[in-house]
Amino acid sequence: MPVVRDKDIEVLFSASAIARRNLELAKDIAGHDYHDLLVISVLKGSFVFAADLIRAMHDVGLSPEVEFIFISSYGAGTTSGEVKVLRDIDNDVAGRDVLLIDDILESGKTLTFAQDLMLSRGAKSCSIAVLLDKRMRRQTALNADYVGFDCPDYFVVGYGMDVAHAFRELPFVGVVRGDAQP
Ligand code: IMP
Ligand code: MG
């Protein structure tokens, strides 16, 4: 197995910058006064962000229920992109305030699909929190309610995000050296 060292990765958003931003996002979320909040982490990429964001939410006095949905988007960057639920949530969203958490909002197809699904199931509201927003890649009208950082048009890894199953464990968001071309 190749040994991956942090120095092979250029840091784009440091662990401390992310932690500070997570607390700000949690305060924003708390300011919206949701009742009966159900957080849904969109797997796989959002698991680290979701884990940190829900603890930041705890720190500002929120106690959300937490669920997971495994969604895969094939060719999400193309018009033929197909979105599928590979593993669904276990509970009923009817009448609840849902907060979808994902790593990156890019074309918007994954989260448009997930938001439509929750609203079609009767969710009272369905807002969206993403760590990173690649606005220049958008192909839908979707915007997130809570955005950690605007992201340059690089393929990023770390903090839950992978390239070919690698780098999810990095505590920061970075770009593999040599890949830093928009
Ligand atoms: P979209 O908004 O449907 O185009 O899909 C966004 C999804 O694509 C994210 O949830 C990620 O799983 C994946 N993705 C997009 N850009 C990157 C990246 O730079 N690194 C890792 N995953 C990415
Ligand atoms: Mg994803």
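# Why the labels apply

Visitor: How do you know that leucine 23 counts as partly exposed?

Guide: Its relative accessibility is 33%. Buried means under 20% relative accessible area, exposed means over 50%, and partly exposed is in between (1.4 Å probe, protein chains only). The value for leucine 23 falls in between, so leucine 23 counts as partly exposed.

Visitor: What sort of model is this, and how are its parts numbered?

Guide: It is a predicted model, in which local features need pLDDT of at least 70 and side-chain atom pairs count only at pLDDT 80 or more, while totals for chains, interfaces and linings use all residues. Residues are numbered from 1 along each chain as its sequence is written, chains are lettered from A and ligands numbered from 1 in the order in which they are written, and side-chain values use heavy atoms, with hydrogens and water left out.

Visitor: Where does leucine 23 lie, and what does leucine 23 touch?

Guide: Leucine 23 lies in helix H1. Helices (H or I, at least four residues) and strands (E, at least two) are DSSP runs, numbered from the N terminus. Not counting residues up to four places away in sequence, leucine 23 touches Ala56, Asp59 and Val60; contact means heavy atoms within 4.5 Å.

Visitor: What makes lysine 134 buried?

Guide: Its relative accessible area is 3%. That is under the cut-off for buried, so lysine 134 gets that label. Its place is in the loop between E6 and E7. Leaving aside neighbours within four places in sequence, its contacts include Ile104, Leu105, Cys151 and Phe155.

Visitor: Why are phenylalanine 13 and phenylalanine 149 called a stacked pair?

Guide: Rings of Phe, Tyr and Trp (its six-membered ring) pair if their centres lie within 6.5 Å; planes under 30 degrees apart count as stacked, over 60 as edge-to-face and the rest as tilted. For these two rings the values are 4.4 Å centre to centre and 20° between the planes. Both values meet the limits, so the pair is stacked. By this rule the count comes to one aromatic pair.

Visitor: Which parts of the chain does this pair tie together?

Guide: Phenylalanine 13 lies in strand E1 (residues 9–13) and phenylalanine 149 in strand E7, so the pair ties together parts that are 136 residues apart in sequence. Phenylalanine 13 is buried at 12% relative accessibility, and phenylalanine 149 is buried at 16%.

Visitor: What makes E4 and E7 edge strands?

Guide: Two strands pair if DSSP finds at least two bridges between them. Six strands form an open sheet in the order E4-E3-E2-E5-E6-E7, with mixed pairing. Strand E4 (82–87) and strand E7 (146–150) each pair on one side only. Strand E3 (residues 65–74) and E4 have five bridges and pair in the antiparallel sense; phenylalanine 70 stands opposite arginine 87 in E4.

Visitor: How do you know that E8 and E9 pair?

Guide: Two bridges join them, and they run antiparallel. Two is enough under the rule, so they count as paired. One bridge partner is glycine 174 in E9, set against valine 157. These strands belong to an open sheet of three, in the order E1-E9-E8.

Visitor: What makes the span of helix H3 close to the expected one?

Guide: The expected span of a helix is 1.5 Å times one less than its number of residues. Helix H3 (residues 109–120) has 12 residues and reaches 16 Å from its first C-alpha to its last, close to the 16 Å expected. Its buried residues, among them Leu111, Ala114 and Met118, pack against E2, E3, E4, E5 and E6.

Visitor: What makes a group of residues a nonpolar core?

Guide: A nonpolar core is a set of buried Ala, Val, Leu, Ile, Met, Phe, Trp, Tyr and Cys residues joined through side-chain atoms within 4.5 Å. The largest core here has 28 residues, of which Leu99, Leu131, Leu132 and Val173 touch the most other members. Its largest share, six residues, comes from H2. Apart from it lies another core, of 22 residues, including Leu38, Val93, Leu111 and Met118. Valine 173 has contacts that include Phe13, Ile18, Leu131 and Leu132, leaving aside neighbours within four places in sequence.
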